[in-house]
Amino acid sequence: MSQSYNRGAVEDFGRWREFSAGMWAWIFHKFTGWVLVGYLFTHIAVLSSSMQGAEAYNTTLQGLESLFVVRILEIGLLAVAVFHILNGIRLLMVDLGVGLEAQDKSFYASMVLTGLIVVASVPTFLSEVGV
């Protein structure tokens, strides 16, 4: 006979406080993966403007890069990609048996390193943009 487990109420939104660093790493990795998949569709849509000729493609890119909101979204894309890469490397090391005892610390290190890279790149992304 099968056992049933009390998994708590679905409405219990306070359970996120109980999450460990490993659970947050899993949630962020899944979220960033889906964001990157979504970005691929946007990327393909912009690239498809090249089918109408080089002038249409250049006009599309210049129009997008002149928008402040697009620059902010590019910074967000950088943050998502860097975290996904660093967390993927962390997961690879864990799967290989390296750093099993320091998984929490390596997750926090990947978060801090992502933040440093993103903050350091903000001036580059926001240069020459019309606000």
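Helices (H or I, at least four residues) and strands (E, at least two) are DSSP runs, numbered from the N terminus. With that in hand, colour the chain by secondary structure: from the N terminus on, the elements run α-α-α-α. That makes four helices and zero strands in the chain.

A word on what you are viewing. This is a predicted model, in which local features need pLDDT of at least 70 and side-chain atom pairs count only at pLDDT 80 or more, while totals for chains, interfaces and linings use all residues. Residues are numbered from 1 along each chain as its sequence is written, and side-chain values use heavy atoms, with hydrogens and water left out.

**Stop 1: the aromatic rings**

Select Trp24, Phe28, Phe83, Phe107 and Tyr108, which form one aromatic cluster. Rings of Phe, Tyr and Trp (its six-membered ring) pair if their centres lie within 6.5 Å; planes under 30 degrees apart count as stacked, over 60 as edge-to-face and the rest as tilted. By this rule there are five aromatic pairs. Zoom in on Phe28 and Phe83, an edge-to-face pair with 6.1 Å centre to centre and 80° between the planes. Phe28 belongs to helix H1 (residues 21–47) and Phe83 to helix H3 (residues 68–95), so their pair ties together parts that are 55 residues apart in sequence.

Are these two rings buried or exposed? Buried means under 20% relative accessible area, exposed over 50%, and partly exposed in between (1.4 Å probe, protein chains only). Phe83 has 5% relative accessibility and counts as buried, whereas Phe28, at 29%, counts as partly exposed.

Next, click Phe107 in helix H4. Phe107 is buried, with 4% relative accessibility. Now add Asn87: from Phe107 it is 20 residues away in sequence and 6.9 Å away in space, C-alpha to C-alpha.

**Stop 2: the largest pocket**

Turn on a surface and look for the largest pocket, which holds about 420 Å³ of space. Of its 16 lining residues, the closest to the centre are Tyr39, Thr42, Val46, Val70 and Glu74. Which elements give two or more residues to this lining? They are H1, helix H2 (54–65) and H3. Here a pocket is an open set of points on a 1 Å grid over the protein atoms alone, where a 1.4 Å probe fits, with protein on both sides within 12 Å along at least five of seven lines; lining residues have an atom within 4 Å of a point.

**Stop 3: the loop after H3**

Select Val98, found in the loop between H3 and helix H4 (103–126). Val98 counts as partly exposed, at 48% relative accessibility.

**Stop 4: along helix H4**

Finally, pick Val122, which lies in helix H4. Val122 is partly exposed, with a relative accessible area of 27%. Draw a C-alpha to C-alpha distance to Arg71: the two are 51 residues apart in sequence and 9.2 Å apart in space.

Before you leave, zoom out to the whole chain: of its 131 residues, 17% count as buried.

How values were computed
Grid points are joined across faces, edges and corners, and a volume is the space filled by probe spheres set on the points.
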